[in-house]
Amino acid sequence: MSALPVSPLRSPGPPLRPPRAKKDESFLGKLGGTLGRKKRFKEVSELQEEGKNAINSPLAPATVDIHPEDTLLEENEERTMIDPTSREDPKFKELNKVLIDWINDVLVEERIIVKQLEEDLYDGQVLQKLLEKLANRKLNVAEVTQSEIGQKQKLQTILEAIYDVLRPHGWAIKWNVDSIHGKNLVAILHLLVALAMHFRAPIRLPEHVSVQVVVVRKREGLLHSTHVAEELTTTTEMMMGRFERDAFDTLFDHAPDKLSVVKKSLITFVNKHLNKLNLEVTELETQFADGVYLVLLMGLLEGYFVPLHNFHLTPENFDQKVHNVSFAFELMQDGGLKKPKARPEDVVNLDLKSTLRVLYNLFTKYKNIE
């Protein structure tokens, strides 16, 4: 009986990411000695300055007259950047931190540490390792690629593999090779949120995170800018793709009087078995939140003793509770049940609807067991 993956314990000092090949830090080295790179450098500086100006006059054309030959933006081409004020929003900062911590937890054994999403993920190396770990598959791509062409080719392969994972489940794809390689933080965040939700990451993303995005577009040789609101997260339930309503949605919204009947039936069911261990449940909302009763209940329903070293009999923190619930979910799958739609974190966080869904699935299968 294998253990369901849970969030690894974070080490106090995770190992550093393997150093990249040291680049020439001289001015000429950074420019690459080519006119194209010189234009790119100038373009980025001017775009950043234009983004700052756009905050005060979002609908006005750029005041600086930029000749088309001095920028890599083609006529009517546009670029986006996050409004600096949005970067300071506490919920936006929290979203970044939660995702960075999650990536570092997943890749701790790979000796990789991410500090800044747009700087560490644009070349595809971290995304490759992350997908391989999450999907338990090996991607046939070069380990280290220095050239821009090589990086984009590698990134294309990685993103195609991500498309294959996400598309069948209806995820909206809001990123591409150019946006990721161009260090577009909004696109990178959309990608990471989709991966975290799809693979049921043991994290809780802040809900309803939006940012103001400055859209810069070249028109008649000038840069014009506007502000657009971009939604990065909604509710956990919506992001998990639970758009179909079930019986519990109906009970909560339209028949709260019948909800008490369902809860009473489930309490009778679980106590019928937990009483064999001299245990009793009176509050569904709280008594299953640490996962202990769920684990013990699965052992009773399936007729085996669960070794105490496989779970925390007296969990002391959130992670240990998540471990217990995740382990109970694994026992359910071993017993022939489908993977629960509820996230372990939802049960631990006292989400009654998630807890009822889990218990009702057990009731449906085991209600006739004595």
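In this predicted model, helix α14 contains a run of buried residues, from Val292, Tyr293, Leu294 and Val295 through Leu296, Leu297, Met298 and Gly299, with Leu301 also buried. Altogether, nine of the 11 residues of α14, which spans residues 292–302, are buried, so this helix is largely enclosed by the rest of the structure. Just after α14 comes Gly303, whose phi angle is positive, at about 80°.

Following the chain onward brings the surface into view. Phe305, Leu308 and Leu313 form a nonpolar patch there, and together these residues have about 340 Å² of accessible area. One member of the patch, Leu313, sits in the loop that links α14 to α15 (318–334). Leu313 has a relative accessibility of 45% and therefore counts as partly exposed, since that class lies between the limits of 20% and 50%.

Another part of the model shows how two helices can be placed against each other. A pair of packed helices is described by the angle between their axes and the distance between the axes. For helix α7 (residues 148–166) and helix α9 (residues 185–198), the axes come within 11 Å and cross at roughly 45°. The two helices, α7 and α9, are therefore oblique to each other, and α7 passes α9 in a left-handed crossing.

Leu131 offers a contrasting environment to look at. This residue belongs to helix α6 (residues 125–135), and its relative accessibility is 0%, so Leu131 counts as buried. Although Leu131 and Val165 are 34 residues apart along the chain, their C-alpha atoms are separated by 9.7 Å.

Methods. Residues numbered from 1 in each chain as written. Predicted model: local features only at pLDDT ≥ 70, side-chain atom pairs only at ≥ 80, totals over all residues. Heavy atoms only, no water. Buried < 20%, exposed > 50% of the residue type's maximum accessible area, 1.4 Å probe, protein only. Helix = DSSP H or I, 4+ residues; strand = E, 2+ residues; numbered from the N terminus. Patch = residues over 30% accessible without salt bridge, like charges linked within 9 Å, V, L, I, M, F, W, Y side chains within 5 Å. Areas by Shrake-Rupley, 256 points an atom, 1.4 Å probe, with all protein chains shown as cover. Salt bridge = Lys/Arg side-chain N within 4 Å of Asp/Glu carboxyl O. Axes fitted to C-alpha atoms, helices over the stretch in contact; angles between N-to-C directions. Parallel < 35°, antiparallel > 145°, perpendicular 65-115°, else oblique. Left-handed = near helix turned anticlockwise from the far one by under 90°.
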